[in-house]
Amino acid sequence: MVHKYDAVVVGAGGAGLMAGLNLSAHGRVAVISKLYPTRSHTGAAQGGIGAALGNHEEDHWEWHMFDTIKGSDYLADQDAVEILCREAVETVYELEHWGLPFSRTPDGRIAQRPFGGHTREFGKGPVRRACYAADRTGHMILQTLFQQCIKNQVHFFNEYHLLDLIVTDGRCAGVVAYCLATGEIHTFHAKAVLDATGGCGRMFRVTSNAHALTGDGMAVALRAGLPLEDMEFFQFHPTGIYKMGILLSEAARGEGAILRNRTGERFMERYAPTLLDLAPRDMVSRAMYREIREGRGIDGKNYLHLDLTHLSAEVHDKKLPDITDFVRTYMGLEPKKVPVPVQPTAHYAMGGIPTDTDGRVIRDEVNTPLGGYYAAGESACVSVHGANRLGTNSLVDILVYGRRGARSAGSYIKENDWAPLPPHADGRGRAQISRLLAGGGKERAAQVRDSLQDEMMEKASVFREAKSLGTMKEKLAELRQRFAQIKIEDRGVKYNTELLEAIELENLLDLAEVLVESALGRQESRGAHSREDFPKRDDINWLKHTLAYKADKGIQFKFKPVTITKFQPMERKY
Amino acid sequence: MKVTLKIKRFNPEKDSEPYWGEYPVEAEPTDRLLNALNYVKWYIDGTLTYRRSCAHGVCGSDAMLINGANTLACKVLLQNLGSKITVEPMRGFRVIKDLLVDMEAFFEKYRKAKPYLITHSPEPEKERLQSIEDREAFEDTTKCILCGACTTSCPSFWANEDYVGPATIVNAHRFIFDSRDEGREERLEILGAADGVWRCRTIFNCVEACPRDINITRAIGEVKKALLFRRF
């Protein structure tokens with residue numbers, strides 16, 4: 001079946017809904033999503049959205065900009081960060097005007113709390129910049145955007161899974177998607193496509209990410225010949241519930257919670273004397289791994305304690321109600337009385353599909369755009385997060401760049417006609433489905449995925465080195481061979497979620513390869529990429545972005561300079 | 001621990017009627033029911049079909065009838081369910097395949113009560129002011145994740161599928177009691193109609209079913225009261 005739209009948005013989390021909402025003013029738009037929009041993982045964001053409103057104390061977008069760049073270990077493009085931090089302020093007011101139920105200050109303004117790496121006066125001390133709605137900020141953003149989409153009659157295709165990107169004559173001509181309800185393959189012929197498919201945390205065993213986060217948009221872009229930028233940078237959030245990886249917001253530490261080792265010591269005093277527990281996530285996660293390695297994990301095991309016992313009942317009940325509930329439900333513990341077992345959890349891909357500051361996807365190191373193709377949010381890399389994202393900035397990113405991408409796509413669809421659909425536009429998508437269904441081997445997709453997640457956690461997570469990454473590369477080749485032997489039992493066409501999981505696993509395998517090869521290539525330590533064999537940052541050789549391409553002989557690289565405008569790279573101390 | 005999942009199965013492409021499938025699962029007492037369902041799908045029978053995504057109770061994908069009560073499969077632990085666990089799709093929605101139901105009518109009703117902020121006054125340059133007390137008045141109903149557990153546990157909904165149902169009322173309440181909203185009258189008009197709030201017989205099933213602990217019956221009561229005061 002072929003549909004014709006001016007523009008198609010793929011993904012219906014924060015970035016996709018923001019884009020759908022803004023693009024719908026410019027033409028006929030479809031938003032396709034493998035989930036019902038309100039199931040998207042934006043809804044799991046907890047602590048807040050960063051914007052220098054200054055509702056409690058003095059704050060400026062320039063301070064936010066500096067913190068974001070320093071947090072990124074100077075890999076973020078500074079022009080993009082400036083836009084992010086300037087537009088954050090108007091974006092938060094826009095959300096409020098759309099009805100987002102922010103928590104309030106006593107004088108009725110939007111309440112703000114401290115968050116990791118956010119400071120006043122260029123690093124002097126923490127500042128209250130994270131605008132929040134209890135610890136459900138992402139839920140409120142997702143609901144508010146969905147409500148606005150209903151009000152503005154945005155057109156959704158729910159439970160359609162992205163299979164392929166149609167590129168013809170150097171332009172994007174649409175996407176191919178698999179309808180879960182019927183098993184039919186649909187071609188969406190469009191002048192412009194905006195990818196907002198989110199992250200790929202499911203390649204790791206312990207993750208805060210939903211099952212759905214399998215990097216579909218990134219994998220499809222890669223297979224269509226586009227590069228992926230900075231994939232070696234993957235953020236591990238310090239406080240995941242032990243073993244399960246469920247996120248316990250940094251807002252807990254923003255409200256005063258403390259990380260402790262087996263002796264009860266507040267170990268962050270040794271790693272970040274000024275910001276302590278509110279140092280950026282890469283530093284806190286590394287500190288936790290070190291504590292565990294040096295035998296100071298709780299009972300000698302691979303976890304530490306998040307201590308909230310000294311916080312008032314009001315903070316637990318009013319400011320952190322959801323995480324209090326999670327600890328009770330999943331650990332059977334009362335966080336008012338006992339500390340909570342936590343370990344770093346795979347959380348966020350800083351890298352993704354490279355774009356410029358108007359959301360246009362670029363195909364090379366000199367920023368040549370691929371006409372009609374846009375990306376925003378976690379699947380994209382502008383890059384505003386560089387080597388390490390600050391907490392609250394992902395929510396700013398999805399909204400600011402979701403809107404900017406939509407605006408430039410909006411102009412594009414006015415000025416351009418549809419690129420002609422190539423013959424057999426859905427050929428690659430159909431071939432993939434047939435190949436997977438025809439497999440008659442003995443492997444189960446779940447076993448291959450289990451191995452992938454365990455091996456990635458062990459060899460390519462918080463600390464890496466040439467040896468572990470090299471072994472991981474060999475493992476991935478082995479996992480690909482096993483993947484070729486998987487058998488899908490479900491032969492049906494209606495809601496064949498077993499087939500869907502196999503498609504998703506293939507995406508994860510492709511992206512794990514890019515992550516590992518990019519990590520192997522980057523011989524330095526910067527932000528979330530920490531090489532034990534190259535422990536120092538190396539600005540002379542590596543102050544540049546990685547662009548990874550899929551070629552017949554494996555992954556090929558190009559490199560792109562970092563845009564530096566206001567802040568020269570300095571040593572990063574907190 | 002060893003548990004047996006007794007799952008109500010139905011594949012529209014094969015089965016003329018639903019049947020019960022039994023699956024032994026070796027699991028930790030602290031595993032979520034979703035972990036056990038995943039185990040069955042991944043290692044025993046790949047055709048088992050259900051929705052799931054976040055796996056920690058915030059996305060609303062996996063509401064189902066577990067040991068006779070609606071809840072999220074990712075928000076209940078095996079140690080609280082006994083050794084033989086029955087799992088069925090939510091009642092009152094059309095079953096598409098196994099535990100996966102048709103949610104279209106549910107979202108259609110949700111849209112009916114205008115679930116978005118309605119304002120006519122000009123927007124200020126910065127945020128609208130709202131006191132902590134005014135914000136608190138609708139706090140409870142902002143938590144809804146649209147999972148459908150409340151509506152499909154409601155006998156009034158089972159008896160009359162045209163009833164808008166608790167989830168729709170919860171999402172209307174969220175705006176009716178928001179001091180910034182100016183669409184109160186239009187929403188009350190919709191909820192005061194024959195298929196609106198008066199179908200609620202205060203049975204409280206919805207309150208028990210809600211995985212977000214929203215006091216739904218109280219919210220419905222507040223909407224009823226708003227309608228009564230409006231009339232007199």
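**Chain A: packing, partner and domains**

Guide: In this predicted model, buried residues make up 63% of the 574 residues in chain A. Residues are numbered from 1 along each chain as its sequence is written, and chains are lettered from A in the order in which they are written. Because the model is predicted, local features need pLDDT of at least 70 and side-chain atom pairs count only at pLDDT 80 or more, while totals for chains, interfaces and linings use all residues.

Visitor: What makes a residue count as buried?

Guide: A residue is buried if 20 or more other C-beta atoms, placed from the backbone, lie within 10 Å of its own; with 12 or fewer it is exposed, and in between it is partly exposed.

Visitor: Why does the radius of gyration of chain A agree with a compact globule?

Guide: The globule rule, 2.2 Å times the number of residues to the power 0.38, applies to a radius taken over C-alpha atoms; for 574 residues it gives a value near 25 Å, and chain A has 22 Å, so the two agree.

Visitor: What is called a contact between chain A and chain B, and how many residues take part?

Guide: Two residues are in contact if their C-beta atoms, placed from the backbone, lie within 7 Å, and 41 residues of chain A are in contact with 40 residues of chain B.

Visitor: Where do the bounds of domain 1 and domain 2 of chain A come from?

Guide: They come from an automatic or database domain assignment, which divides chain A into domain 1 (239–347) and domain 2 (427–528). The C-alpha centres of these two domains lie 31 Å apart, and their contact takes six residues from domain 1 and five residues from domain 2.
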